[in-house]
Amino acid sequence: MPVSDQAFVTLATNDMYCQGALVLGQSLRNQRATRKLVVLITLQVSSLLRVILSRVFDEVIEVNLIDSADYIHLAFLKRPELGVTLTKLHCWTLTHYTKCVFLDADTLVLSNIDDLFDRGEFSAAPDPGWPDCFNSGVFVFQPSLETHSLLLQHATDHGSFDGADQGLLNSFFSSWSTADIHKHLPFIYNLSSNTAYTYSPAFKQFGSSAKVVHFLGSTKPWNYTYNPQTGSVSKEGSSLVPEQQMTFLNLWWTIYHQSILPLYGSVHDEDESTFPGHTACSHGVGVPCANSAHSAEGQCAHSVPGAREPCAHSATGSSQSWNAEDPLEPTVVVDETPPSPGAGRLEDVNLAISVSEISIEEKVMELSPEEERRQWEEGRIDYMGKDAFARIQEKLDRFLQ
Ligand SMILES: O=c1ccn([C@@H]2O[C@H](COP(=O)(O)OP(=O)(O)O[C@H]3O[C@H](CO)[C@@H](O)[C@H](O)[C@H]3O)[C@@H](O)[C@H]2O)c(=O)[nH]1
Ligand SMILES: [Mn+2]
């Protein structure tokens, strides 16, 4: 029976992490999850991705880093690296749910995990790098504004020993390692795909019971290239990937290929008026790249209503959809057309699709000075890139010369 006051929750602060969130959401649907699916997003997520997320998730909720007084209290601007961390903490504000399970966007659900809702706050699995700490990629929690503000207060007072949410949560829920063994989730609920092999006999014994795999670390599934004809991540550049991880990477990509890519086609078909910049075209083998662009600016959906059914093979069947049944058919890409004058921003991802290769690339955006200024004024500040202190100082120095 569906339970409407409990939810699986994830987070995606940009279009790249949205790709992970989509596969995660779809994997939960494939495993017949009986709880609501919620994705937290931030302003940076494009309107196209918001629509696509709404096809997989029950709720797409924008959390705003800038307007919240809490972040100002935290002297947020002095600790930009805490941004994503603080965004994860927002899950405690989902008080229309009584209990939730948070899953990182780089996790993949392999079998039904509804039994996690039998556990209480704060339940998590050990971190493979330091098992007296939990890994914050999968945890059971109870939304509460009080806990949320205590967490923010803790961040203000103590910071985070790893500069991110895992350190903060471990010092906040510091009795996890000793107090209650029931709050230790078995490792199969958060199996790190790249460290499992360090104890390979255990992996051999228990690996097949894995329920959630976590692509922890800097290389994520969407950083690989996939060959839909072989059903496998391309070997090139992945020769160092251990065999066990390869299996999980291929599973991730199978879901992406079969269930997520068709959504791009169907959104285009249905929402031509919303995304007038979108066109689709076919390319042959090896054609390098396709871009997507649109000109509609995202209205943020506190909650975007969307399809609730599993969307495997949900391509609408027109020639503009990915042909999952017959990968030898000419493939379809979402192509770039110049946005109309005064149009909104482009997507932050390129989908490069050909018969033998699919890849997802981060788009390096060249913004007009007006657009740059607008982003700055909206608080969308690229601390690590063009708005980094060193770059601004350079500009000031040039100006003052
Ligand atoms: O630019 C980003 C970065 C992260 N995330 C979200 O935050 C999660 C954590 O980031 P991730 O790249 O998955 O970190 P990990 O490689 O898993 O590293 C570890 O360290 C992180 C920081 O402490 C913890 O959040 C993770 O749970 C822990 O597994 C992601 O899955 C996303 O849900 C974004 O939305 N945008
Ligand atoms: Mn992660």
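User: Two strands count as paired if DSSP finds at least two bridges between them; with that in mind, in what order do the 3 strands of the open sheet with β9 stand?

Analyst: In this predicted model, the sheet has mixed pairing, and its edge strands, β5 (107-109) and β8 (191-192), each pair on one side only. With β9 placed between those two strands, the order is β5-β9-β8.

User: Which residue of β9 is the bridge partner of L191?

Analyst: Strand β8 pairs with strand β9 (residues 212-214) in the parallel sense, over 2 bridges. Within β9, the bridge partner of L191 is V213.

User: By how many degrees are neighbouring strands of the 6-stranded sheet turned against each other on average?

Analyst: This open sheet, whose pairing is mixed, runs in the order β3-β2-β1-β4-β7-β6. Its edge strands are β3 (59-62) and β6 (123-127), each of them paired on one side only. When direction is ignored, neighbouring strands are turned against each other by an average of 35 degrees.

User: What is the bridge partner of F8 in β4?

Analyst: Strand β1 (residues 3-12) and strand β4 (residues 99-103) are paired in the parallel sense, over 4 bridges. In β4, the residue bridged to F8 is V101.

User: At about what angle does helix α1 run to β1?

Analyst: Helix α1 (residues 15-30) lies across β1, β2 (35-41) and β4. Relative to β1, the helix α1 runs at about 150 degrees.

User: Where is the kink in α8 centred?

Analyst: Helix α8 (residues 243-270) has 28 residues and reaches 40 Å from its first C-alpha to its last, which is close to the 40 Å expected at 1.5 Å a residue. There is nevertheless a kink of about 40 degrees in α8, and its centre is at H257.

User: How many charged residues does the shell around ligand 1 have?

Analyst: Of the 20 residues around ligand 1, those that come nearest are D104, A105, G137, A164 and Q166. The elements giving two or more residues to this shell are β1, α4 (83-89), β7 (130-141) and α6 (165-172). By class, the shell has 7 nonpolar and 8 polar residues, and the number of charged residues is 5.

User: Is the peptide bond from E121 to F122 cis or trans?

Analyst: Most peptide bonds are trans. F122 has its place in the loop between β5 and β6, and the bond leading to F122 from E121 has omega near 0 degrees, so that it is cis.

User: Is the phi of R32 positive or negative?

Analyst: Most residues other than glycine have a negative phi. R32 lies in the loop between α1 and β2. The phi of R32, a residue other than glycine, is near 55 degrees, a value that is positive.

Technical notes. Residues numbered from 1 in each chain as written. Chains lettered and ligands numbered in written order. Predicted model: local features only at pLDDT ≥ 70, side-chain atom pairs only at ≥ 80, totals over all residues. Expected span 1.5 Å × (residues − 1). Bend = angle between axes of the 7 residues up to and from the residue. Pairing = 2+ DSSP bridges. Axes fitted to C-alpha atoms, helices over the stretch in contact; angles between N-to-C directions. Contact = placed C-beta atoms within 7 Å. Near = placed C-beta within 6 Å. Nonpolar A, V, L, I, M, F, W, Y, C, P; charged D, E, K, R; others polar.
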